[in-house]
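Colleague: I'd like to go through this model with you and ask how each label was earned. Can you put it up on the screen?

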Amino acid sequence: MRLLFIILLFLTGTAFCQNKDSYDAARQRMVEQQIVARGISDYATLKAMRKVPRHLFVPPSVAGQAYNDWPLPIGYNQTISQPFIVAYMTELSRPAKNKRALEIGTGSGYQAAVLAEIVDTVYTIEIVPELARESAARLKVLGYENIIVRYGDGYKGWPEHAPFEIIIVTAAADHIPQPLKEQLTEGGRLVMPVGNPATVQELIVLTKRKGKITEQRLEPVRFVPLKRLKEK
Ligand code: SAH
């Protein structure tokens, strides 16, 4: 009986390792072929993308596709962005060890985890209560103690912790919410898809220098819409 147990343990152990090894290999390939090959060069961003186990952020039914070049469903009509887009937005935000970041649209928690590998603290807000709960639990299990998840409408930002050097919005709207502009530090950077939420948007980088805001328009992208909670 005991021998059988040991054999079983050994077999499941090796199966798990093989699985983990193949996910690790797929992740390194993803970074080379989808991210480095398309011009992402920020060292910290690449290091984070090589480390964060994306397959643990998607439903088990699609874990085998976690390192493929496309977005995936995460339930509640929401999606986790394509790996390249996560890397691109991370690089555009100019992440660094001493910075604090605000993310609007926690979703699976993957973008938050990538940022948290680099920056000091990530504050992240999610409007779907189940997703907020699930991603908070997932990030805790994975040991991300520098990510704070909150349920709510991110349109208004997080005034109690503002200002932020980095604001990343991972849902689309036809304008950049004014409260978010106000919660950016001097020298801070905000990255967000702006345009028609139902079709295509442009990735926008907003920078604040000497109180003056400048806007840079980049690639066309497709994100799920930024929703609003009704005012009571
Ligand atoms: N960054 C996520 C993917 C984002 S999908 C990841 O890495 O997995 C966009 C997310 O934004 C969805 O989970 C959606 O529910 C959320 N969202 C939409 N409007 C929001 C709002 N006003 N405030 C906070 N979250 C919002």
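**Labels and the reasons for them**

Modeller: Here we go: the chain has six helices and nine strands. Keep in mind that this is a predicted model.

Colleague: What makes the chain as compact as a globular protein of that length?

Modeller: The globule rule gives 17 Å for 232 residues, and the radius of gyration here is 19 Å, which is close to that, so the chain counts as compact in that sense. Along the principal axes, the C-alpha trace spans about 70 × 45 × 35 Å.

Colleague: On to the sheet. In what order do the strands come, and what is the pairing?

Modeller: Seven strands make an open sheet, ordered 5-4-3-6-7-8-9, with mixed pairing. Strand 5 (147-151) and strand 9 (212-221) each have a single partner strand, so one side of each has no neighbour in the sheet, and that puts them at the edges. On average, neighbouring strands are turned by 15° against each other, ignoring direction.

Colleague: How do you know that strand 4 and strand 5 pair?

Modeller: Pairing takes at least two bridges. Strand 4 (residues 121-126) and strand 5 are joined by five, and they run parallel, so the pair qualifies. Within that pair, Thr-124 sits opposite Val-149 of strand 5. Helix 5 (residues 129-141) packs on the sheet there, touching strand 4 and strand 5, and its direction is about 160° from that of strand 5.

Colleague: And at the other edge, how do strand 8 and strand 9 run?

Modeller: Antiparallel, with eight bridges joining strand 8 (residues 201-209) to strand 9. One facing pair is Ile-204 and Arg-217, the latter in strand 9. The two strands form a hairpin with two residues between them, and Lys-210 in the turn has a positive phi of about 50°.

Colleague: What else has an unusual backbone? I gather that most residues other than glycine have a negative phi, and most peptide bonds are trans.

Modeller: Tyr-76 has phi near 55°, which is positive in a residue other than glycine. Tyr-76 lies in the loop between strand 1 (72-75) and strand 2. Then there's the peptide bond from Ala-162 to Pro-163, which is cis, with omega near 0°. Pro-163 belongs to the loop between strand 5 and strand 6 (164-169).

Colleague: Now the empty space. Why is one space called a cavity and another a pocket?

Modeller: In a cavity a 1.4 Å probe fits but cannot get out, whereas a pocket is an open set, so the two go by different names. The count is one cavity of 30 Å³ or more. The largest cavity has a volume of about 330 Å³.

Colleague: What lines the largest cavity?

Modeller: There are 27 lining residues, with Gly-105, Thr-106, Gly-107, Glu-126 and Thr-170 nearest the centre. Elements giving two or more residues are strand 2 (78-80), helix 3 (83-92), strand 3 (100-104), helix 4 (110-116) and strand 4. Strand 2 supplies the largest share, three residues. By class, the lining has 12 nonpolar, 11 polar and four charged residues.

Colleague: And how about the largest pocket: what is its volume, and which residues line it?

Modeller: Its volume is about 170 Å³. The lining is made of Pro-71, Thr-79, Ser-81, Gln-82, Ile-85, Val-221, Arg-222, Phe-223 and Val-224.

Colleague: How do those lining residues divide by class?

Modeller: Five are nonpolar, three polar and one charged. Arginine is in the charged class, so Arg-222 is the charged one.

Note on methods:
Residues numbered from 1 in each chain as written. Predicted model: local features only at pLDDT ≥ 70, side-chain atom pairs only at ≥ 80, totals over all residues. Heavy atoms only, no water. 1 Å grid on protein atoms, 1.4 Å probe; cavity = no way out; pocket = protein on both sides within 12 Å on 5 of 7 lines; lining within 4 Å. Points joined across faces, edges and corners; volume = space filled by probe spheres on them. Helix = DSSP H or I, 4+ residues; strand = E, 2+ residues; numbered from the N terminus. Axes fitted to C-alpha atoms, helices over the stretch in contact; angles between N-to-C directions. Contact = heavy atoms within 4.5 Å. Rg over C-alpha atoms; globule rule 2.2 N^0.38 Å.
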